[in-house]
Amino acid sequence: MLENIKIVLVETSHSGNIGSAARAMKTMGLSQLCLVAPKQEIDEQAIALAAGAEDVVKSAVVVESFSQAVADCSLVIGTSARLRHLQNTLIEPRECAEKVVQNLSSQKVAIVFGRERVGLTNDELLKCHYHLTIPANPEYSSLNLAMAVQLVSYELRMAWLALAEEQKQPFSVIENNYPTAQELEYFFAHTEQLYEHLGFIQNQGVMQKLRRLYQRTQIEKNELNILRGMLSAVEKRINRQN
């Protein structure tokens with residue numbers, strides 16, 4: 001089940017951080033690493049700092065964009081500072097781990113760590129269901145990338161072990177009932193196109209609020225199909241009237 005957890009690093013500036021993050025992952029049983037447009041290629045420093053987790057580094061998937069990295073995931077959690085407009089979706093590492101474990105089985109989950117200096121963009125944060133914040137000492141909250149990955153990976157392992165102990169039986173694989181990030185993006189694009197045509201959306205603020213609403217509800221696939229069917233029905237009626 002832990003193989004369904006993908007750690008995503010966005011535009012990593014230093015190759016050594018990739019190796020250190022891989023080491024942090026492997027100590028907690030995680031192996032799926034995805035790199036979004038890294039600033040440096042995997043080199044000797046990355047391998048050296050992996051310190052035994054070379055397999056995680058060498059098998060890392062490299063993609064060009066955030067959307068590509070999370071396209072096959074049904075739950076996307078992005079790291080963030082305590083931004084005011086994200087208050088209703090902010091979670092801390094322990095709660096994050098519990099939500100991730102609850103969504104495992106055949107479903108894939110992405111936990112995304114932003115750029116070392118500036119984190120994730122607002123557009124990237126809007127594509128996340130939840131926003132992970134680490135309640136560090138406010139007087140000195142400086143965590144490097146590998147530290148953050150280690151802390152979150154530890155909580156993930158503890159939540160997974162707790163669930164295994166509770167069930168006392170092998171995990172069963174259930175049907176994936178949640179849409180992937182890519183399927184949600186198709187829905188959001190369809191929604192925006194239709195609502196702009198109707199004159200309902202006249203600025204990006206409306207679509208951003210709609211995104212947060214749908215992400216927060218963690219809509220299921222059959223529910224998404226109903227919504228897309230409603231959009232198509234409205235389009236057909238408009239076309240007949242024209």
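# A tour of the model, stop by stop

Among contacts between residues at least 6 apart in sequence, 83% join residues at least 24 apart. Keep that in view as you click through this predicted model.

**Whole chain**

Show the full protein as a cartoon. You should find 10 helices and 7 strands. Along the principal axes, the C-alpha atoms fill a box of roughly 65 × 45 × 35 Å. How does the radius of gyration compare with that of a compact globule? A compact globule of 242 residues would have a value near 18 Å, and the protein has 19 Å, so the two agree.

Switch to a surface view. The protein exposes about 13,100 Å², and carbon and sulfur atoms supply 49% of this area. Of the 242 residues, 44% are buried. Now colour by charge. There are 24 positive and 27 negative charges, and their mean positions lie 5 Å apart.

**Stop 1: Glu-124**

Select residues 122-126. This is helix H6, and Glu-124 is in it. Is Glu-124 buried or exposed? Its relative accessible area is 9%, so Glu-124 is buried. Show side chains and add Arg-115. A polar contact of 2.9 Å joins the side chains of Glu-124 and Arg-115. Widen the selection to what Glu-124 touches. Beyond its neighbours within four places in sequence, Glu-124 is in contact with Val-10, Phe-66 and Arg-115. Keep Phe-66 on screen for the next stop.

**Stop 2: Lys-127**

Step along to Lys-127. This residue sits in the loop between H6 and strand E7, which spans 130-132. Lys-127 has 15% relative accessibility and therefore counts as buried. Which residues does Lys-127 contact, once neighbours within four places in sequence are set aside? Select Phe-66, Ser-67, Val-76, Glu-185, Arg-211 and Gln-215. Phe-66 is thus listed for Lys-127 and also for Glu-124.

**Stop 3: Ala-37 and Ala-51**

Go back toward the start of the chain and pick Ala-37. You are in the loop between strand E2 (32-36) and helix H2 (44-50). Check the backbone here. Phi of Ala-37 is near 40°, a positive value in a residue other than glycine. Ala-37 has 27% relative accessibility, so this residue counts as partly exposed.

Follow H2 out to Ala-51. This residue is in the loop between H2 and helix H3 (54-58). Phi of Ala-51 is also positive, near 50°, and Ala-51 is not a glycine either. With a relative accessible area of 46%, Ala-51 is partly exposed. The cut-off for exposed is over 50%.

**Stop 4: Ala-159**

Select residues 145-167 to bring up helix H7, then pick out Ala-159 within it. At 16% relative accessibility, Ala-159 counts as buried. Add Val-100 and draw a distance between the C-alpha atoms. The two residues are 59 apart along the chain, yet the C-alpha separation is 8.8 Å. What does Ala-159 contact, leaving aside neighbours within four places in sequence? Ala-97, Glu-98 and Val-101 are the residues to display.

**Stop 5: Leu-227**

Finish on helix H10, residues 221-241, where you will find Leu-227. Display Phe-187 with it. Along the chain, Leu-227 and Phe-187 are 40 residues apart, while their C-alpha atoms are separated by 8.4 Å. Phe-187 is also in contact with Leu-227. Tyr-214 and Ile-219 complete the set, again without neighbours within four places in sequence.

Technical notes. Residues numbered from 1 in each chain as written. Predicted model: local features only at pLDDT ≥ 70, side-chain atom pairs only at ≥ 80, totals over all residues. Heavy atoms only, no water. Helix = DSSP H or I, 4+ residues; strand = E, 2+ residues; numbered from the N terminus. Buried < 20%, exposed > 50% of the residue type's maximum accessible area, 1.4 Å probe, protein only. Polar contact = N/O pair within 3.5 Å; in protein donor to acceptor, adjacent residues only side chain to side chain. Contact = heavy atoms within 4.5 Å. Rg over C-alpha atoms; globule rule 2.2 N^0.38 Å. Areas by Shrake-Rupley, 256 points an atom, 1.4 Å probe, with all protein chains shown as cover. Lys, Arg positive; Asp, Glu negative; His and termini not counted. Charge placed at Lys NZ, Arg CZ, Asp CG, Glu CD.
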